[in-house]
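Subject: Structure handover

Hi,

Here is the structure I promised to pass on. Have a look at it first, and then read on for what turned up in it.

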Amino acid sequence: MPQMIFVNLPVADLRRSVEFYEAIGFSRDPRFSNEQAASMVLSDTICVMLLTHELWGTFTDRRRVDPAQEAQVLLCISREDRAAVDAITEAAVSAGGMADPCPAQDHGFMYGRSFADPDGHIWEPMWMSAEAVEKGPAEVSNAD
C-alpha cells in the first residue's frame with residue numbers, strides 16, 4: 001500500500017465544510033464519515049479529515065487556533081496546469097471560500113495562488129513546469 005497523508009482539520013460546521021470540499025473536487029468517503037467527522041478524498045494518497053471542534057478536542061490537549069485569525073499550516077497541493085490552479089481557486093470562492101489570502105506567485109516556471117475554506121484554513125494550489133520538477137527551480141530560474 002502506498003504511503004498516504006491524512007490532513008486533520010477542525011471545522012465549525014461539518015455539513016457546510018463537506019459541501020465546500022465537494023464543490024472544489026473532493027469526494028466524501030462514507031466509510032470513514034459520521035456526524036462528527038467526514039473523510040474527504042483528494043487522491044488515492046491524500047485525504048482530509050474534517051472534524052467537529054468537539055471531536056478535534058479528543059485528539060490533543062493543545063489549544064485549537066482560529067484559522068480565520070491565525071495560520072498554523074499552509075496546505076500546498078499540485079495541479080496539472082495554471083488553468084487548474086485558477087479553476088480550483090474560483091471554485092473555492094463560489095463555494096464560500098476566500099481567494100488569495102496569500103499573495104499570488106508567478107515565477108514563469110511556477111504559478112501559485114491560495115484560497116481559504118469557510119473556517120479559514122489556507123490551501124495553496126500550485127503548478128510547476130516539468131522542467132522545474134526535473135532540474136529544480138534554481139536551475140530553471142537561472143536559465144532565464
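To follow the first item you need one rule: rings of Phe, Tyr and Trp (for Trp, the six-membered ring) count as a pair if their centres lie within 6.5 Å, and planes over 60 degrees apart make the pair edge-to-face. Please also keep in mind that this is a predicted model.

**Aromatic rings**

By that rule there are five aromatic pairs. Tyr21 and Phe26 make one of them: their ring centres sit 5.1 Å apart with the planes at 80°, so this pair is edge-to-face. Phe26 also pairs with Trp123, again edge-to-face, at 5.9 Å between centres and 75° between planes. That second pair ties together parts of the chain that are 97 residues apart in sequence, because Phe26 lies in the loop between helix 1 (14-23) and strand 2 (27-29) while Trp123 is in strand 10.

Are these rings buried or exposed? Tyr21 and Phe26 are both buried. For Phe26 the relative accessible area is 4%, and Trp123 is buried too, at 2%. Put together, Phe20, Tyr21, Phe26, Phe115 and Trp123 form one aromatic cluster.

**Nonpolar cores**

As background, nonpolar side chains in soluble globular proteins tend to be buried together. Here the largest nonpolar core has 19 residues, and the ones touching the most other members are Leu9, Tyr21, Ile24, Met40, Val48, Leu50 and Trp123. Two or more residues each come from strand 1 (5-11), helix 1, strand 3 (37-41), strand 4 (46-52), strand 5 (74-78) and helix 3 (82-94). Which element gives the most? That is helix 1, with four residues.

If you want a residue to click on, try Leu9. Leaving out residues up to four places away in sequence, its contacts include Tyr21, Val48, Leu50, Trp56, Leu75, His121 and Trp123. There is also a second, separate core of five residues, with Met110, Met126, Ala132 and Val140 among them.

**His121**

His121 sits in the loop between strand 9 (115-116) and strand 10 (122-128). Its relative accessibility is 9%, so His121 counts as buried. The His121 side chain reaches the backbone oxygen of Pro10 at 2.9 Å. Beyond its neighbours within four places in sequence, His121 is in contact with Leu9, Pro10, Pro67, Phe115 and Ala116.

**Glu124 and Cys102**

Glu124 is in strand 10. Cys102 belongs to the loop between strand 6 (98-99) and strand 7 (105-106), and at 15% relative accessibility Cys102 counts as buried. The two are 22 residues apart in sequence, with their C-alpha atoms 8.5 Å apart. Not counting residues up to four places away, Cys102 touches Leu74, Ser114, Ile122 and Glu124. With those same neighbours left out, Glu124 touches Leu74, Leu75, Cys76, Ile77, Cys102, Arg113 and Ser114. Cys102 and Ser129, by contrast, are 27 residues apart in sequence and 21 Å apart, C-alpha to C-alpha.

**Salt bridges**

Side chains of opposite charge can pair when their charged atoms come close. How many salt bridges does a search of the whole structure find? It finds eight.

- Glu19 and Arg15 meet at 3.2 Å, N to O. Both lie in helix 1, four residues apart, about one turn of the helix. Glu19 is partly exposed at 44%, and Arg15 is exposed at 57%.
- Glu131 and Lys135 also meet at 3.2 Å, N to O. They are both in helix 4 (residues 130-135), four residues apart, about one turn. Glu131 is partly exposed at 40%, as is Lys135 at 49%.
- Asp100 and Arg113 have their closest N and O atoms 2.7 Å apart. This bridge links distant parts of the chain, 13 residues apart: Asp100 is in the loop between strand 6 and strand 7, and Arg113 in the loop between strand 8 (110-112) and strand 9. Asp100 is partly exposed at 28%, whereas Arg113 is buried at 16%.

Asp86 joins Asp100 and Arg113 in a network of salt bridges.

**From the record**

UniProt, in an unreviewed entry, places the feature "domain: Glyoxalase/fosfomycin resistance/dioxygenase" at residues 7-124. In the model, that span is 23% helix and 31% strand, and its end C-alpha atoms lie 14 Å apart.

Cheers

Technical notes. Residues are numbered from 1 along each chain as its sequence is written. This is a predicted model: local features need pLDDT of at least 70, side-chain atom pairs count only at pLDDT 80 or more; totals for chains, interfaces and linings use all residues. Side-chain values use heavy atoms; hydrogens and water are left out. UniProt positions are given in the numbering used here, feature names are shortened, and annotations may be inferred rather than shown by experiment. Buried means under 20% relative accessible area, exposed over 50%, partly exposed in between (1.4 Å probe, protein chains only). A polar contact is a pair of N or O atoms within 3.5 Å; within protein, one must be able to donate a hydrogen and the other to accept it, and residues adjacent in sequence count only if both atoms are side-chain atoms. Contact means heavy atoms within 4.5 Å. Rings of Phe, Tyr and Trp (its six-membered ring) pair if their centres lie within 6.5 Å; planes under 30 degrees apart count as stacked, over 60 as edge-to-face and the rest as tilted. A nonpolar core is a set of buried Ala, Val, Leu, Ile, Met, Phe, Trp, Tyr and Cys residues joined through side-chain atoms within 4.5 Å. A salt bridge is a side-chain nitrogen of Lys or Arg within 4 Å of a carboxyl oxygen of Asp or Glu.
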